[in-house]
Amino acid sequence: MLPSRLCLLLTATLLLAPAFAAQAQRVVEGDLQQQMSAAEFKAAGLDKLSADELAALNAWLQGKVREATTSAVEQAREEGRQEVIVKNRGFFDFGSSEPIEATLAGEFNGFGKGRQYTLDNGQVWEQTDDARVSGVRRQAPGVKITPGVMGAWYLQVEGLNTRAKVRRTK
């Protein structure tokens, strides 16, 4: 399950982006004369344009705003998707086959079911299988966590041949 704040962020991004686009569209639907004060309209020299020239300028401006709005909405959606994928690697398999390489924070004293492993990147992983390695003491060893099949992840400590099945808890 996605963390609630992240889920809320993604939902807000996906739901509010079209609303912002609609608001931007309403803003430019009127012509420049309706959007600007009389003083601004005159200061910009727009009062010198013929009705056809002003209509062409309004049409061009509305098209540009539509393009920019569409691009911004798509970018916001993609950023929301990417944030979920990056922040949740290890919670779910999002198709990434790239291993996570990091350093264990603190000392490694071997594998054991239920043990928690905190990485230097802030992630916390818990061992879920019965893999055992005892009599090992290493200070801040390098680790590689690789995805397996069906969403399984495996932690391997640098210099050891044994891997432990883990799940991300934080």
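**Entry 1: layout**

I counted the elements first and found four helices and eight strands in the protein chain. I took helices (H or I, at least four residues) and strands (E, at least two) as DSSP runs, numbered from the N terminus. Along the sequence the pattern reads α-α-α-α-β-β-β-β-β-β-β-β. A note to myself: this is a predicted model, where local features need pLDDT of at least 70 and side-chain atom pairs count only at pLDDT 80 or more, while totals for chains, interfaces and linings use all residues. Residues are numbered from 1 along each chain as its sequence is written, and side-chain values use heavy atoms, with hydrogens and water left out.

I then looked up burial for the protein chain: 29% of its 170 residues are buried. Buried here is under 20% relative accessible area, exposed is over 50%, and partly exposed is in between (1.4 Å probe, protein chains only). For contacts (heavy atoms within 4.5 Å), I kept those between residues at least 6 apart in sequence; 56% of them join residues at least 24 apart.

**Entry 2: a stop in helix α4**

I picked leucine 57, which lies in helix α4 (residues 51–87). Is leucine 57 buried or partly exposed? Leucine 57 has 27% relative accessibility, so it counts as partly exposed. Leaving out residues up to four places away in sequence, leucine 57 touches Leu32, Leu46 and Leu49. I also checked aspartate 31: its C-alpha is 9.0 Å from that of leucine 57, and the two residues are 26 apart in sequence.

**Entry 3: the sheet**

Next I traced an open sheet of six strands, in the order β1-β6-β7-β8-β4-β3 and with antiparallel pairing. The edge strands, each pairing on one side only, are β1 (100–103) and β3 (116–118). From one strand to the next the twist averages 35 degrees, with axes as lines fitted to C-alpha atoms and angles from 0 to 180 degrees between N-to-C directions. Two strands count as paired if DSSP finds at least two bridges between them.

I started at β1, which pairs with β6 in the antiparallel sense over four bridges. Threonine 103 stands opposite glycine 142 in β6. The side chains of β1 alternate: Ile100 and Ala102 point to one face and are buried, whereas Glu101 and Thr103 point to the other and are not.

At the other end, three bridges join β3 to β4, and these strands run antiparallel. Which residue in β4 is the bridge partner of tyrosine 117? I found tryptophan 125 there. The hairpin of β3 and β4 has five residues between the strands, and glycine 122 takes a positive phi near 95 degrees in it.

On to β4 itself: Val124 and Glu126 point one way, Trp125 and Gln127 the other way, and all are buried. Strand β4 (residues 124–127) also pairs with strand β8 (residues 163–168), antiparallel and over three bridges. Here glutamine 127 stands opposite valine 166 in β8.

**Entry 4: rings**

How many aromatic pairs does a search of the whole structure find? It finds four. I let rings of Phe, Tyr and Trp (its six-membered ring) pair if their centres lie within 6.5 Å; planes under 30 degrees apart count as stacked, over 60 as edge-to-face and the rest as tilted. One of the pairs is phenylalanine 111 with tyrosine 117, edge-to-face at 6.0 Å centre to centre and 80 degrees between the planes. Phenylalanine 111 and tyrosine 117 are both buried.

Tryptophan 125 and tryptophan 153 form a tilted pair, 5.8 Å centre to centre with 55 degrees between the planes. Tryptophan 125 is in strand β4 and tryptophan 153 in strand β7 (residues 153–157), so this pair ties together parts that are 28 residues apart in sequence. I checked burial too: tryptophan 125 has a relative accessible area of 0%, and tryptophan 153 has 2%.

Ring pairs also link Phe108, Phe111 and Tyr117 into a cluster.

**Entry 5: the core**

Last, I looked up the largest nonpolar core, which has 19 residues. Such a core is a set of buried Ala, Val, Leu, Ile, Met, Phe, Trp, Tyr and Cys residues joined through side-chain atoms within 4.5 Å. Phe108, Phe111, Ile145 and Leu155 touch the most other members. Elements giving two or more residues to this core are β1, β6 (142–147), β7 and β8. The largest share, three residues, comes from β7.

I followed leucine 155 further: not counting residues up to four places away in sequence, leucine 155 touches residues including Phe111, Tyr117, Ile145 and Val166.
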